[in-house]
Amino acid sequence: MRTIGVLTSGGDAPGMNAAIRAVVRTGIDHGLKVMGIHRGYSGLINGEIFEMDRRSVSDIIHKGGTILKTARCEEFTTDAGREKAVNVLKVFGIDGLVVIGGDGSFRGAQALSKLGVAAVGIPGTIDNDLAYTQYTVGFDTALNTVLDAINKIRDTSSSHERISIIEVMGRNCGDIALYTGIAGGAEKVIIPEKGYDLNELCRIIIEGKIRGKLHNLILLAEGVGGANELASKVENVTGIETRSTILGHIQRGGSPSAFDRILASTMGARAVELLIEGKSSRVVGVQGGKISDMDIDEALSMKHEFNEYLYNLSRVLSY
Ligand code: F6P
């Protein structure tokens with residue numbers, strides 16, 4: 001292994017820059033040449049590749065987004081696109097590739113592995129939807145961003161004695177809603193893994209009001225449906241003024257938390273070590289608080305399980 005490449009792909013996540021920095025500096029520390037690839041797989045196909053040195057990753061550990069830019073690439077989902085990518089890697093002399101991204105990006109890395117490329121994945125997504133790892137880079141920062149918003153919404157919700165429905169991201173995964181629901185003291189968490197019953201939801205709200213609750217904070221994962229629609233349904237049934245807030249892309253930005261910076265730094269270093277050890281087609285993760293790695297096929301075949309205990313706890317603690 002003499003030259004490695006690094007790219008970020010799919011939706012950005014806070015901490016991606018810390019991961020890039022760790023890949024570049026660990027690679028150089030081991031005597032490797034490290035090439036940055038702009039705009040994910042799209043930039044790979046187009047040869048948007050440049051050499052990185054230690055200084056090229058200075059002053060980025062605290063920054064959200066990704067200095068390498070990111071993209072979702074249609075062409076790369078085709079056989080022709082993937083073959084082009086393999087050829088470009090050969091032309092640039094890249095023997096190993098580190099892919100930082102989510103599920104879709106890992107499927108790209110898996111496809112490249114099948115074509116003989118030594119690839120290692122680092123989970124970078126706010127969604128925390130990859131089953132093989134307890135945490136993905138960016139999740140913790142997104143939780144803190146959502147929590148900050150919940151605290152603010154709680155103030156105005158209490159003053160007006162309203163119901164607030166807060167829609168958060170996560171695709172088909174409810175982790176952002178579940179974890180922030182616990183941390184923010186939400187009255188109800190609605191996640192795709194469980195769904196919800198409108199009558200039961202309204203009953204919880206009305207009973208809470210009778211017990212003297214000033215506000216009702218409902219955390220809604222986007223995978224279940226839209227907050228606007230739910231707000232008007234809830235208002236119709238309960239007769240209580242209801243407002244919706246869709247937090248949107250604010251959840252993807254911001255300076256990464258200490259947890260995400262440390263996670264990204266250790267995962268970045270481990271990814272490079274795996275390539276040096278000749279272990280490719282792997283993904284780096286965290287299990288039992290320790291950095292781990294797993295075969296990419298196995299990792300992608302696992303189904304993400306939501307934390308049932310936390311879900312039940314959110315119900316108990318909201319009373
Ligand atoms: O995967 C990250 C994510 O932010 C999801 O939570 C969300 O559904 C999606 O990306 C939004 O994608 P885009 O930025 O393309 O609108």
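Reader: How many salt bridges are there between domain 1 and domain 2?
Author: This is a predicted model, where local features need pLDDT of at least 70, side-chain atom pairs count only at pLDDT 80 or more, and totals for chains, interfaces and linings use all residues. Residues are numbered from 1 along each chain as its sequence is written, and side-chain values use heavy atoms, without hydrogens and water. A salt bridge puts a side-chain nitrogen of Lys or Arg within 4 Å of a carboxyl oxygen of Asp or Glu. Between domain 1 and domain 2 the count is two.

Reader: Which residue forms a salt bridge with D12?
Author: The closest N and O atoms of the pair are 2.7 Å apart. The partner of D12 is R252.

Reader: Where does domain 2 lie in the sequence?
Author: Domain bounds come from an automatic or database domain assignment. Domain 1 covers 3-138 + 256-301. Domain 2 covers 141-252.

Reader: What distance separates the centres of the two domains?
Author: The centres are taken over C-alpha atoms. Domain 1 and domain 2 have centres separated by 34 Å.

Reader: How many residues does domain 2 bring to the contact?
Author: Contact means heavy atoms within 4.5 Å. Domain 1 brings 13 residues. Domain 2 brings eleven.

Reader: What area do domain 1 and domain 2 bury between them?
Author: Buried area is the accessible area (1.4 Å probe) that two parts lose on being put together, summed over both. Carbon and sulfur atoms carry 47% of it. The total is about 1000 Å².

Reader: Which three residues supply 45% of the area that domain 1 buries against domain 2?
Author: No other three residues supply more of that area. They are D12, I126 and D127.
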